[in-house]
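User: I have a model open in front of me and would like to learn how to read its features. Could you take me through them one at a time?

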Amino acid sequence: MASEGVEMKEKTASETVEDEEIVIDVDEPEPTIEDLPGVGPATAEKLREAGFEDLLAIAVMSPPELAEQAELGEAVSSKIISGAKKLANIGGFVSGNALLDRRSRVEKLTSGTSSLDELLGGGFETQAIVEVFGEFGSGKTQIGHQLAVNTILPKESGGFDGEVFYIDTEDTFRPERIAQMAESVGIKPEDALNRIHVARAYNSAHQMLLVDEIKRMSKNIDVKLVIVDSLTSHFRAEYIGRGMLATRQQKLNRHMKELKQIADVQNALVLVTNQVMSKPDAMWGDPTKAIGGHIVGHASTFRLYLRKSKGGRRIARLIDSPNLPEGEAVFTVTSEGLRD
Ligand code: GTP
Ligand code: MG
């Protein structure tokens, strides 16, 4: 099951070119930034500090940009970039049929409300990152809790019958809320809580490490839902001022890429929550826009903008979907969970 996303890489490439057999050993460790020309421990440290862990991220930079962001000389940057272009895994082309085959394995998770499910073309999709953004109290964490419970449901009931990994950055995960929602869909609270694995992230670096941990664990566990609630709060608190903006965006970008990789490899859903700015802010920009700007927006497959409405209702607006019309859904948060 957990093979599709790495299919290209896992195949032992063995092809004959003019009598010479080229065998790429798949067990060979992937090159790291230390393998680049002119990169010793100090430069490696600078690159990592600036968020350049990934060879591809370096390969696509220009020498002046890399020089500025990683505080290196331009000549060194230029040499590093040429090295990265040779070593980076640029990826490859796959046929439209292979993509169609991958798409055919997409599964959809019910939200427990028909309006939200309809808005999303049948539910929350695997192989996708869904970003839910909205102001405080708009229901982002409630959606996270509900999807966690629904992921445990059997497939016939709109679930994934899989395991949930919940990265909690704001200490708002509540097992008793899970228990309440589980009971109302007929799952024993302890069975639900058994399959929801929660970690508190203490800062953004820890948050990113936890994703590595999920990757490691996913070799033996059927990870179907990963939640990062909130995606941006630590980044926002730690990277303050314009001078930190580029670094923050790079780290967020890398974080999103790792999450997307889990979504693809595991055929899983990734849900990230994001606050909107409550007041205009020179550094963070437009008050109605989500934090993290275009990096988070572009890396998300679906974006749901939540707002509060009269009578405790919530309105979710679908924005920027690759294949669905924009639209809105109305739902409520009740003691049993999300309902129409
Ligand atoms: P921030 O994390 O602060 O940005 O907010 P959020 O978007 O995560 O909001 P959250 O999902 O925590 O929504 C909180 C709201 O959900 C509350 O104000 C209630 O309206 C509703 N809610 C939460 N728990 C319950 C419950 O047990 N019963 C009912 N009826 N409503 C609840
Ligand atoms: Mg919340």
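**Reading the features one by one**

Analyst: Gladly! D171 lies in the loop between strand 6 and helix 9, and it makes a good starting point. Please keep in mind that this is a predicted model.

User: What is the sign of phi at D171, and what is its value?

Analyst: The general idea comes first: most residues other than glycine have a negative phi, and most peptide bonds are trans. Here D171 has a positive phi, near 60°, and it is a residue other than glycine. With a relative accessible area of 42%, D171 is partly exposed, because values between 20% and 50% fall in that class.

D161 also has a positive phi, of about 50°, although it is not a glycine. Its place is the loop between helix 8 and strand 6 (163-168). D161 counts as partly exposed, at 41% relative accessibility.

User: And the peptide bonds: which two residues does a cis bond join?

Analyst: That bond links D229 and S230, with omega at about 5°. You will find S230 in the loop between strand 8 (223-229) and helix 12 (233-238).

User: Let's turn to aromatic rings. How many aromatic pairs does the structure hold?

Analyst: A pair of aromatic rings is described by the distance of the centres and the angle of the planes. This structure holds three such pairs. One of them is Y166 with F173: the ring centres are 4.9 Å apart and the planes meet at 65°, so the pair is edge-to-face. The cut-off behind that name is an angle over 60 degrees. Y166 is buried, at 1% relative accessibility, and F173 is buried too, with a relative accessible area of 10%.

User: Are the rings of F235 and Y239 stacked or edge-to-face?

Analyst: Their planes are at 15° and their centres 6.2 Å apart, so this pair is stacked. An angle under 30 degrees is what earns that label. Both F235 and Y239 are buried.

User: Rings can also have a charge over them, I believe. Which residue has its charged end over the ring of F160?

Analyst: That is K224, whose charged end sits 5.4 Å from the centre of the F160 ring. There is another case at F136, where K308 lies over the face at 4.4 Å from the ring centre.

User: F136 makes me curious about residues far apart in sequence. How many residues separate L306 and F136 in sequence?

Analyst: The way to read such a pair is to put the sequence gap beside the distance in space. L306 and F136 are 170 residues apart in sequence, while their C-alpha atoms are 9.9 Å apart in space. L306 belongs to strand 10 (residues 302-308) and is buried, at 1% relative accessibility.

Helix 13 (residues 245-266) offers further examples, and R254 is found there. From R254 to A57 the gap is 197 residues in sequence, against 8.9 Å in space between C-alpha atoms. N253 is in helix 13 as well. N253 and V296 are 43 residues apart along the chain and 7.1 Å apart from C-alpha to C-alpha. R254 is partly exposed, at 22% relative accessibility, and N253 is also partly exposed, with a relative accessible area of 27%.

User: Now the ligand. How many residues surround ligand 1, and which are the closest?

Analyst: There are 16 residues around ligand 1, and the closest are G137, K140, T141, Q142 and Q275. By character, the shell divides into two nonpolar, nine polar and five charged residues.

User: Where should I look for polar contacts to it?

Analyst: Look at the oxygen atoms of ligand 1. One contact is with K140, where a side-chain N or O atom is 2.8 Å from a ligand oxygen. In another, a polar side-chain atom of R314 lies 3.1 Å from an oxygen atom of ligand 1. S138 takes part through its backbone, with a polar atom there 3.2 Å from a ligand oxygen.

As for coverage, ligand 1 has 670 Å² of accessible area on its own, and the protein covers 64% of that.

User: Which elements give two or more residues to the shell around ligand 1?

Analyst: They are helix 8 (140-152), helix 9 (175-184) and strand 12 (327-334). Helix 8 gives the most, with three residues.

Key: Residues are numbered from 1 along each chain as its sequence is written. Chains are lettered from A and ligands numbered from 1 in the order in which they are written. This is a predicted model: local features need pLDDT of at least 70, side-chain atom pairs count only at pLDDT 80 or more; totals for chains, interfaces and linings use all residues. Side-chain values use heavy atoms; hydrogens and water are left out. Rings of Phe, Tyr and Trp (its six-membered ring) pair if their centres lie within 6.5 Å; planes under 30 degrees apart count as stacked, over 60 as edge-to-face and the rest as tilted. Buried means under 20% relative accessible area, exposed over 50%, partly exposed in between (1.4 Å probe, protein chains only). A charge sits over a ring if NZ of Lys or CZ of Arg is within 6 Å of the ring centre and within 35 degrees of the ring normal. A residue is near a molecule or strand if one of its heavy atoms lies within 4 Å of it. A polar contact is a pair of N or O atoms within 3.5 Å; within protein, one must be able to donate a hydrogen and the other to accept it, and residues adjacent in sequence count only if both atoms are side-chain atoms. Accessible areas come from the Shrake-Rupley method with a 1.4 Å probe; for residues, only the protein chains shown count as cover. Helices (H or I, at least four residues) and strands (E, at least two) are DSSP runs, numbered from the N terminus. Ala, Val, Leu, Ile, Met, Phe, Trp, Tyr, Cys and Pro count as nonpolar, Asp, Glu, Lys and Arg as charged, and the others, Gly among them, as polar.
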